[in-house]
2 protein chains.
Amino acid sequence: MHLSLEKLIQRLKHVAQLDNILNILHWDEKVNLPPNSATGRAEQIKALTEIAHREFTDPTIGELLEELNALPDESFSLPEKTIIRETRRDYLRAIKLPATFVAEKKTAESIGYHAWVKARESNDFSLFVPILEELLDLSKQEAAFVDPRIQAYDYHIDLHDQGLDAKIIQQLFIELKKDLLPLVKTILASSHKPRASILKNFPIETQKSFALLVAQKLGFDFSQGRLDVSVHPFCSGHSGDRRITTRFNENVPLDSLFSTIHEVGHALYEQGFAPENYGTPLGQAVGMAVHESQSRLWENQVGRSRAFWKFFEPLYRQQFPNALSSIDSEAFYKVINAVELNPIRVDSDEVTYNLHIILRFGLEKELFEGTVAVKDLREAWNQKSKELLQLTPKNDKEGVLQDIHWSGAAFGYFPSYTLGNMIAAQLWEVAKKTIPSLETSFEKGDFTPLLNWLRESIHQFGKQYRTQGLVQKVTGSSISTKPLINYLKERYLPLYGGK
Amino acid sequence: MHLSLEKLIQRLKHVAQLDNILNILHWDEKVNLPPNSATGRAEQIKALTEIAHREFTDPTIGELLEELNALPDESFSLPEKTIIRETRRDYLRAIKLPATFVAEKKTAESIGYHAWVKARESNDFSLFVPILEELLDLSKQEAAFVDPRIQAYDYHIDLHDQGLDAKIIQQLFIELKKDLLPLVKTILASSHKPRASILKNFPIETQKSFALLVAQKLGFDFSQGRLDVSVHPFCSGHSGDRRITTRFNENVPLDSLFSTIHEVGHALYEQGFAPENYGTPLGQAVGMAVHESQSRLWENQVGRSRAFWKFFEPLYRQQFPNALSSIDSEAFYKVINAVELNPIRVDSDEVTYNLHIILRFGLEKELFEGTVAVKDLREAWNQKSKELLQLTPKNDKEGVLQDIHWSGAAFGYFPSYTLGNMIAAQLWEVAKKTIPSLETSFEKGDFTPLLNWLRESIHQFGKQYRTQGLVQKVTGSSISTKPLINYLKERYLPLYGGK
């Protein structure tokens with residue numbers, strides 16, 4: 001390996017340690033932090049973010065990058081080129097952001113999170129408005145610092161999914177909506193009305209041990225990971241210490257279970273990087289859409305399948321004999337795949353879920369374009385909700401305050417969920433063709449064939465390909481809505497008596 | 001305030017944020033870390049320790065200190081002088097330690113902790129020998145870097161308790177041993193033999209909620225603190241986010257309870273600093289002996305008193321009706337104050353506890369003087385144990401591997417426990433004289449009079465006084481063995497029928 005590249009990697013690994021610490025601080029903030037310790041935590045994150053930014057924007061890194069960039073292309077292997085290309089991209093962006101700005105934004109994000117928690121507790125969006133305005137403004141400023149020529153929202157989309165923009169996403173979403181709305185209509189018109197609410201009294205300790213069992217069976221490595229509880233489930237930590245969370249409710253057992261499987265999907269991706277690549281772009285996810293394709297594939301294509309439950313149902317019944325005694329197998333499967341309009345995104349089925357995302361994408365776009373103001377966001381939300389979901393949220397907790405994302409200025413993240421659903425369906429088509437025995441192995445509780453295929457097709461590459469390139473490489477097509485629609489029809493029309 | 005002092009304080013608070021993060025990383029390591037994530041954590045701690053060292057040894061801090069030091073004494077208030085004096089002391093020490101050395105030692109400490117855990121699991125001291133040798137060597141090197149003229153062990157004692165040294169401690173310990181050994185002999189000769197082992201089947205969840213209740217009643221602020229579980233109880237975090245741990249065993253309920261009270265005592269000290277002083281020497285403990293005086297005072301003088309249990313016993317019986325049904329009040333009080341020779345320090349009663357410390361102090365002294373080699377430490381331990389405690393440990397877990405301290409190179413810490421016991425007894429004498437209703441308030445579950453007195457007499461000063469100076473100020477005498485001996489005789493001779 002070229003000496004300058006070695007030096008660069010050493011520097012990157014050093015900065016990665018600081019990022020890993022920041023990850024742990026954020027995780028701890030959401031899992032452990034005492035209620036009145038938020039200010040101190042915000043100061044810690046601010047101080048370390050400033051230092052991490054300073055270490056990464058050290059001119060030595062710039063010099064190494066320019067030196068490597070000037071060398072002929074054939075000096076490097078494809079993975080090596082990836083490290084140089086992606087680091088250069090991040091570096092050139094980072095040096096445009098003043099260290100004080102980076103710290104200011106991080107602090108605002110931390111304040112934003114706690115303001116969001118308080119606003120939710122009070123069920124009052126207006127408490128969240130001032131900090132959300134600031135977060136939006138800081139996010140626009142960030143885009144302007146880096147490249148004043150591109151749209152601020154496109155900048156944030158590109159941060160999550162390199163190469164995508166609002167225009168591409170809008171086209172995909174228009175196409176998806178066209179097929180999705182009639183499908184939802186058919187399903188809701190069906191006389192079949194399974195209700196998740198028939199599941200009651202699932203003891204939390206038992207839910208927890210079942211979630212641990214499922215996570216382990218799917219391949220989550222607990223020797224380098226944990227499962228904890230937080231308000232909003234998430235996957236955090238770093239590759240060598242991957243931490244997922246879920247939440248428990250005695251009367252909503254499938255929420256904790258599918259949240260766990262979802263976060264396990266994220267974690268399996270991160271745990272799939274080679275340890276020697278930790279801290280370099282080869283040990284990083286290609287983007288959030290592909291990340292979500294992993295979590296959604298495990299949650300939906302796998303976790304809601306008959307094959308999955310053929311293995312897990314007997315164990316589940318053993319754990320919850322009373323709660324399930326009056327529900328037969330077919331009824332249980334129908335509850336797992338119940339489609340009901342729900343005001344809450346994370347409680348929604350995989351069909352209507354995408355409408356929630358289309359709603360948020362539209363609002364983010366308008367926030368950035370200035371056609372909706374933050375103070376009017378509740379109203380805009382409720383209006384769009386009526387339009388897309390035929391629902392008006394009862395209150396802010398069920399509406400505009402339900403998601404954590406904006407509290408941390410994670411604008412441009414939401415589209416990744418539905419893009420991830422599309423990619424998941426595309427991958428699922430290929431996986432089933434490539435491994436004919438896939439679902440038979442699930443029935444035996446063996447998920448390694450799928451995991452190995454994902455490791456080989458997706459995980460091992462880190463950022464070597466970009467989103468569209470990777471999807472193209474594995475599936476032979478760029479991101480597309482058809483496989484998702486086909487998959488949804490195949491799973492739901494038989495249940496809901498559609499033609 | 002002088003502008004340079006303001007600038008200095010700002011710098012100190014910045015460095016304190018990094019130290020606070022390191023505290024959280026250490027806490028997380030002992031409470032949460034997945035088993036195979038230790039290497040990553042060690043790298044994080046190494047990277048951040050290097051940075052914190054670099055930030056604190058920044059020449060700007062040196063310049064500010066020299067500038068402030070050159071100004072006439074009357075330019076500053078007593079608290080301001082404390083900040084300058086103590087920071088200057090720390091700074092002059094820190095700049096003598098190469099950053100690479102500091103990082104190397106931190107890494108060895110992290111490796112040491114995990115090697116200790118593994119050696120304990122295998123019950124085999126020999127697995128711990130190589131890293132302990134390295135830790136001892138690094139500790140000697142550290143002393144030599146800072147001041148090659150003083151004894152290395154004195155350097156480490158001074159780090160924990162400024163102004164004390166091995167000679168002062170040895171004199172105190174000789175005096176203590178002279179009075180303690182006959183007292184232990186009397187107690188053990190008594191026909192009264194209470195056994196803690198009559199306590200059985202205390203459900204852990206109930207133990208936990210009782211521990212939380214006691215912590216809260218004593219004044220622990222859970223809005224800025226937590227109670228968790230770890231192998232070895234400790235108090236960590238930082239003043240605005242104070243974290244204590246304990247451990248639970250169904251058949252040793254008093255262990256978890258008194259460990260909790262002990263750590264609460266530490267935490268109350270830290271939670272007693274004024275928030276505006278966080279990050280400066282005014283928001284730091286004077287030393288470990290005074291720190292231990294707080295934990296031991298709450299654990300022993302308070303927690304094992306009749307007054308304390310007059311309030312808590314009915315609640316305890318309510319929580320554990322079955323386990324306590326056949327034990328009457330007097331028998332229970334005797335179990336709480338049972339004196340039995342025990343190979344484990346942390347399981348020992350407060351009388352024989354001090355013999356454990358005298359043992360460790362003697363060994364540390366010999367390790368540093370070179371008259372005992374690390375590889376011979378098990379043998380030396382077992383021999384001293386026989387001499388002082390009339391016990392030969394059954395195995396390494398009950399002997400030389402029982403304590404965490406050496407695994408983190410915390411040499412010179414052990415003496416602080418018994419010095420703390422002495423100071424606790426001295427403070428207790430004064431507190432009872434000053435507040436005649438002290439024990440009556442305990443009987444009513446009100447511990448604020450004692451806490452307020454400690455806040456005023458000890459906590460508020462941070463490092464304004466040094467150990468001997470503070471003890472002198474509050475009790476009118478330097479550290480002394482008599483009040484401890486008097487207290488022990490007063491509490492234990494009536495129980496053990498001595499004259």
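In this predicted model, Ser139(B) lies within helix 6 of chain B, which covers residues 129-146. Its relative accessibility is 0%, and Ser139(B) therefore counts as buried, the cut-off being under 20% relative accessible area. Beyond the residues up to four places away in sequence, Ser139(B) touches Lys105(B), His156(B), Phe368(B), Ala409(B) and Phe411(B).

A second position in chain B, Leu419(B), belongs to helix 17, residues 414-434. Leu419(B) also counts as buried because its relative accessibility is 0%. Once neighbours within four places in sequence are set aside, the contacts of Leu419(B) are Asp161(B), Leu164(B), Ile169(B), Leu172(B), Phe173(B), Ala289(B) and Ile479(B). Leu268(B) stands 151 residues from Leu419(B) along the chain, and the C-alpha atoms of these two residues are separated by 19 Å.

The two positions are set side by side below.

| Residue | Helix of chain B | Relative accessibility |
|---|---|---|
| Ser139(B) | helix 6 (residues 129-146) | 0% |
| Leu419(B) | helix 17 (residues 414-434) | 0% |

Chain B also meets chain A. At this interface, 34 residues of chain B are in contact with 34 residues of chain A. The size of an interface is often given as the accessible area lost when the parts come together. Between them, chain B and chain A bury about 2500 Å², and carbon and sulfur atoms account for 54% of that area. On the side of chain B, Gln17(B), Ile21(B) and Gln44(B) supply 19% of the area buried against chain A, more than any other three residues.

Turning to chain A, its secondary structure comprises 21 helices and three strands. The radius of gyration of chain A is 23 Å, which agrees with the value near 23 Å that a compact globule of 499 residues would have. Along the principal axes, the C-alpha atoms of chain A fill a box of roughly 70 × 50 × 45 Å.

Of the 499 residues in chain A, 60% are buried. When contacts between residues at least 6 apart in sequence are considered, 74% of those in chain A join residues at least 24 apart. The area that chain A exposes is about 19500 Å², of which 51% comes from carbon and sulfur atoms. Chain A carries 58 positive and 64 negative charges, and the mean positions of the two sets are 5 Å apart.

Definitions and conventions
Residues are numbered from 1 along each chain as its sequence is written. Chains are lettered from A and ligands numbered from 1 in the order in which they are written. This is a predicted model: local features need pLDDT of at least 70, side-chain atom pairs count only at pLDDT 80 or more; totals for chains, interfaces and linings use all residues. Side-chain values use heavy atoms; hydrogens and water are left out. Helices (H or I, at least four residues) and strands (E, at least two) are DSSP runs, numbered from the N terminus. The radius of gyration is taken over C-alpha atoms; the globule rule is 2.2 Å times the number of residues to the power 0.38. Buried means under 20% relative accessible area, exposed over 50%, partly exposed in between (1.4 Å probe, protein chains only). Contact means heavy atoms within 4.5 Å. Accessible areas come from the Shrake-Rupley method with a 1.4 Å probe; for residues, only the protein chains shown count as cover. Lys and Arg count as positive and Asp and Glu as negative; His and the chain ends are not counted. The place of a charge is taken as NZ of Lys, CZ of Arg, CG of Asp or CD of Glu. Buried area is the accessible area (1.4 Å probe) that two parts lose on being put together, summed over both.
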